[in-house]
Amino acid sequence: MRQFTAVVNPSAGAGGGAVLIPLARLLRGAGAELEVEYSRGLAHARELGRRAAERGAIVLGVGGDGMVGCVGGALVGTDAIFGIVPAGRGNDFARQLGLPTDPAGLAEVLLHGEPQRVDAIDVISGENGSGRETRPGQVTGLAVLGSVYAGVDAVANRNANRSRLLRGKASYTFGAVRAISTWRPVDYRVTVDGEVIERRAYTVVAANSGFYGSGRHIAPDAQVDDGLLDVVIIRHASRRLFFAVMRELEDGSHVRRREVEVLRGREVRIEADRELPYGADGEVDGGLPVIARVLPGALNVLM
């Protein structure tokens, strides 16, 4: 039987216990071994994941997109097997993969699912990485799974993460309203596989997964195994239109608007004419400029 190590975000969903406790009973009842490790933060979670993989365990990321991207990112470029236990606020990468959220469905996937190769993203902050030659699949910055986004959504996500009263989509909606109320136009310089595009926009998203922001379908045609990033640019327009686009993110119909541009490429560099944060996998990690490179087939995920 399979041997698992669960790396848990203690702050996700009552410590992940709402999902993890019944899941643990099912896994152990089927004869699998399960060790549980609680992280003290993202850096510690990465270390716990690496150590578990070195011991030969299947590593489980238990939490939201930040924890899943963190633990999964630590295994990118290895032969380790990764399992996802969605127990956070967004769970967008699990949604993209079509994973169940109930303990019985998750147990079935973890006990009997087969690992499949999916892409990841190599994220390089600042001026590092420009023009650097790398081997396919080589991580030069920080590996994440879902998307890298720079603009009003990064500000909104930072607001959502700071919210103590709201959860799920409500926290993201509140965060977006607060962000857009103080938003000033930004001129972006976006380089996709060497081609430079200049746009005044609300945001630029380099998406491996189609979902972000707790179920918003930002890149409906994105695939996690095509070796490409979908680059979504929401150009500047009235605030009324921006909120209309936000509503359309629920089903992905926003991409039909002329103010929304979708490109595809293997490497994306995002710059702006003023200081602006970027986010990755639900965490606000730094400021522009940032480079996002696809890492084709870099991670084994139980499906």
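This note goes through helix packing, salt bridges and two single-residue environments in a predicted model.

1. Helix 1 and helix 5. Helix 1 spans residues 17-29 and helix 5 spans residues 103-112, and their axes come within 9 Å of each other while crossing at roughly 50°. The two helices are therefore oblique to each other, and the crossing in which helix 1 passes helix 5 is right-handed. On the side of helix 1 the contact is made by Val 19, Pro 22, Leu 23, Leu 26 and Leu 27, and on the side of helix 5 by Pro 103, Ala 104, Leu 106, Ala 107, Leu 110 and Leu 111. Sorted by character, the residues of this contact comprise 11 nonpolar, no polar and no charged.

2. Helix 2 and helix 3. The axes of helix 2, which covers residues 42-54, and helix 3 come within 8 Å and cross at roughly 45°, which makes helix 2 oblique to helix 3. Helix 2, too, passes its partner, helix 3, in a right-handed crossing. Leu 42, Ala 45, Arg 46, Gly 49, Arg 50 and Ala 53 provide the contact from helix 2, and they meet Gly 66, Met 67, Cys 70, Val 71, Ala 74 and Leu 75 of helix 3. The residues of the contact between helix 2 and helix 3 divide into 8 nonpolar, 2 polar and 2 charged, whereas the contact of helix 1 with helix 5 contains no polar and no charged residues.

3. Burial of helix 3. In helix 3, which runs over residues 65-75, 11 of the 11 residues are buried, so this helix is largely enclosed by the rest of the structure. The buried residues include Asp 65 at the start of the list and the glycines Gly 66, Gly 69, Gly 72 and Gly 73, together with Met 67, Val 68, Cys 70 and Val 71 among others. Helix 3 is followed by Gly 77, a residue whose phi is positive, near 85°.

4. Salt bridges between strand 10 and strand 11. The count for the model comes to 16 salt bridges, and two of the pairs can be taken together here. Arg 264 forms a salt bridge with Asp 230, in which the closest N and O atoms are 3.2 Å apart; Arg 264 belongs to strand 11 (residues 260-265) and Asp 230 to strand 10 (residues 229-235), so that the pair links distant parts of the chain, 34 residues apart. The partners have unlike surroundings, since Arg 264 is partly exposed, with a relative accessible area of 42%, while Asp 230 is buried, with a relative accessible area of 1%. The side chains of Arg 235 and Glu 261 also meet in a salt bridge, at 3.0 Å from N to O, and because Arg 235 lies in strand 10 and Glu 261 in strand 11, this pair ties together parts that are 26 residues apart in sequence. Arg 235 counts as partly exposed at 24% relative accessibility, and Glu 261 counts as buried at 15%.

5. Glu 267 and Arg 293, and a network. The side chains of Glu 267 and Arg 293 meet in a salt bridge with an N to O distance of 2.7 Å. Glu 267 lies in strand 12 (residues 267-272) and Arg 293 in strand 15 (residues 290-302), so the pair ties together parts that are 26 residues apart in sequence. Glu 267 is partly exposed, with a relative accessible area of 29%, and Arg 293 is buried, with a relative accessible area of 7%. Separately, Arg 189, Glu 198, Arg 269 and Glu 271 are linked in a network of salt bridges.

6. Arg 239. This residue has its place in helix 8 (residues 239-248), and Arg 239 is partly exposed, with a relative accessible area of 42%. Leaving aside neighbours within four places in sequence, Arg 239 is in contact with Ile 180, Ser 181, Trp 183 and Tyr 202. For one of these partners, Trp 183, the separation from Arg 239 is 56 residues in sequence and 9.5 Å in space, taken from C-alpha to C-alpha.

7. Thr 5. Strand 1 (residues 3-8) contains Thr 5, which counts as buried at 1% relative accessibility. Apart from neighbours within four places in sequence, Thr 5 is in contact with Glu 35, Glu 37, Ala 52, Arg 55, Ala 57, Ile 58, Val 59 and Leu 60.

Key: Residues are numbered from 1 along each chain as its sequence is written. This is a predicted model: local features need pLDDT of at least 70, side-chain atom pairs count only at pLDDT 80 or more; totals for chains, interfaces and linings use all residues. Side-chain values use heavy atoms; hydrogens and water are left out. Axes are lines fitted to C-alpha atoms, for helices over the stretch in contact, and angles run from 0 to 180 degrees between N-to-C directions. Helices (H or I, at least four residues) and strands (E, at least two) are DSSP runs, numbered from the N terminus. Angles under 35 degrees count as roughly parallel, over 145 as roughly antiparallel, 65 to 115 as roughly perpendicular and the rest as oblique. A crossing is left-handed if the near helix is turned anticlockwise from the far one by less than a right angle, and right-handed if clockwise. Contact means heavy atoms within 4.5 Å. Ala, Val, Leu, Ile, Met, Phe, Trp, Tyr, Cys and Pro count as nonpolar, Asp, Glu, Lys and Arg as charged, and the others, Gly among them, as polar. Buried means under 20% relative accessible area, exposed over 50%, partly exposed in between (1.4 Å probe, protein chains only). A salt bridge is a side-chain nitrogen of Lys or Arg within 4 Å of a carboxyl oxygen of Asp or Glu.
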